[in-house]
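These notebook entries record what I looked up in one structure. I took the backbone first, then the strands, then the pockets.

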Amino acid sequence: MKGYLDMHCDTLAKAFRLKHSDIWTVSEYMLDIERMKKSEMVGQFFAIFFPPKTDDMPEDDIYFEKAREILFHTIENHSESIGFARNYQDFIDNQKNGKMSAFLTMEDGRAVQGSMERLEYFYQQGVRLISLTWNYENCFGAPNSVHSDIMNRGLTSFGKEAIEVMNEWGILIDVSHLSDGGFEDVMKISKKPFVASHSNCRALSPHPRNLTDDMIRKLAEKGGVAGVNFAPEFLDSDIKTKKSTIQNLTAHIKHFIEIGGVECVGLGTDFDGITGEFEIGEPEKMELLFEQLHREGISETVIEKIAYKNVLRVIKDSMK
């Protein structure tokens, strides 16, 4: 089977660091547009990841503009292959024109600064998914943590209000990196499906970035999707491992299906934001995962849901 939709990569942040203005073909990356096209991908969520602030990093607004510019410059240069998408209809239009779709997302909502006006600004700039937190507390709430007092904290008052606004405007809510308490608040408040764009199963890998079985059930009840993350430390029972294997990826997908059903799992590779040794470390090798799922007895219909149809349903239900 060919074609898949990936809910998370950090390629724009890598391009910014390497001072690249076009991401058509770059050997240093795990993902580029040319390899996406060769693997017949249907779409990619391109995250603007806000790294920890350092002396050589520009202000968040300048960084956002420069990272966004890389994506739009690439789309302009290769408009025959890829188009920008804000919603389901844009995706369908791109597909009819033989193009892949690029969705713009943000990883770490800190740049919103607790302001609805700034949230609206990012929406107007085309952002259609926000990972509420990264690994530090911000205006939305607390991050995942090994410390229970942090992990149990919920959303801020702004964060709770923002969930309702994001639902209304059509910005997809992403709970990857969020605290368990924050997840519970999103579950209670959100009236639309939300996602864990790049998170795995805590029952198989005890990293706090992963989802408990209870969280998987609740995500599924809401009609949401978790994107399986290819990072070694989120896949293995030994979170210090450096090897990402097809066997572990398959085990997590099967666990998601067992706990939440076939509608709750997709792909969120985290390409260009992760390190290690990868059996699948670029788009053209994704077929190896689908072949293994088939060998494990998963039908082509279900594999298609995992590859892109589950995520596409959430896009249709939650983005505007």
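The entries below follow that order.

**Model.** I note at the outset that this is a predicted model.

**Backbone, K19.** I looked for residues with an unusual sign of phi. Most residues other than glycine have a negative phi. K19 has a positive phi of about 60°, although it is not a glycine. I located K19 in the loop between α1, residues 11-17, and α2, residues 33-38. I then asked whether K19 is buried or exposed. Its relative accessible area is 74%, so I entered K19 as exposed, the cut-off being over 50%.

**Backbone, E40.** I found a positive phi at E40 also, of about 60°, and E40 is not a glycine either. E40 sits in the loop that joins α2 to β2, where β2 covers residues 43-49. Its relative accessibility is 46%, so I recorded E40 as partly exposed, a class that lies between 20% and 50%.

**Strands.** I turned next to β1, which spans residues 5-9. I entered this strand as mostly covered, since 5 of its 5 residues are buried. I then looked up how β1 pairs with β2, and found the parallel sense, over 3 bridges. Across this pair, C9 stands opposite F46 of β2.

**Largest pocket.** I read a volume of about 610 Å³ for the largest pocket. Its lining is made up of 33 residues, and those closest to the centre are R17, F49, P51, P52 and W134. Which element gives the most to this lining? I found that α1 does, with 4 residues. By class, I recorded 12 nonpolar, 9 polar and 12 charged residues in the lining of the largest pocket.

**Second largest pocket.** For the second largest pocket I noted about 190 Å³ of space. I listed 13 lining residues, and M41, S81, G98, K99 and M100 lie nearest the centre of this pocket. Two elements, α4 (88-96) and β4 (100-107), each supply at least two residues of the lining. I entered α4 as the element that gives the most, with 3 residues. The lining of the second largest pocket divides into 4 nonpolar, 5 polar and 4 charged residues.

**Closing entry.** I set down K19 and E40 as the positions to view for positive phi. For the pockets, I marked R17 and W134 among the residues closest to the centre of the largest, and K99 among those nearest the centre of the second largest.

Note on methods: Residues are numbered from 1 along each chain as its sequence is written. This is a predicted model: local features need pLDDT of at least 70, side-chain atom pairs count only at pLDDT 80 or more; totals for chains, interfaces and linings use all residues. Side-chain values use heavy atoms; hydrogens and water are left out. Buried means under 20% relative accessible area, exposed over 50%, partly exposed in between (1.4 Å probe, protein chains only). On a 1 Å grid over the protein atoms alone, a cavity is a set of points where a 1.4 Å probe fits but cannot get out, and a pocket is an open set with protein on both sides within 12 Å along at least five of seven lines; lining residues have an atom within 4 Å of a point. Grid points are joined across faces, edges and corners, and a volume is the space filled by probe spheres set on the points. Ala, Val, Leu, Ile, Met, Phe, Trp, Tyr, Cys and Pro count as nonpolar, Asp, Glu, Lys and Arg as charged, and the others, Gly among them, as polar. Two strands pair if DSSP finds at least two bridges between them.
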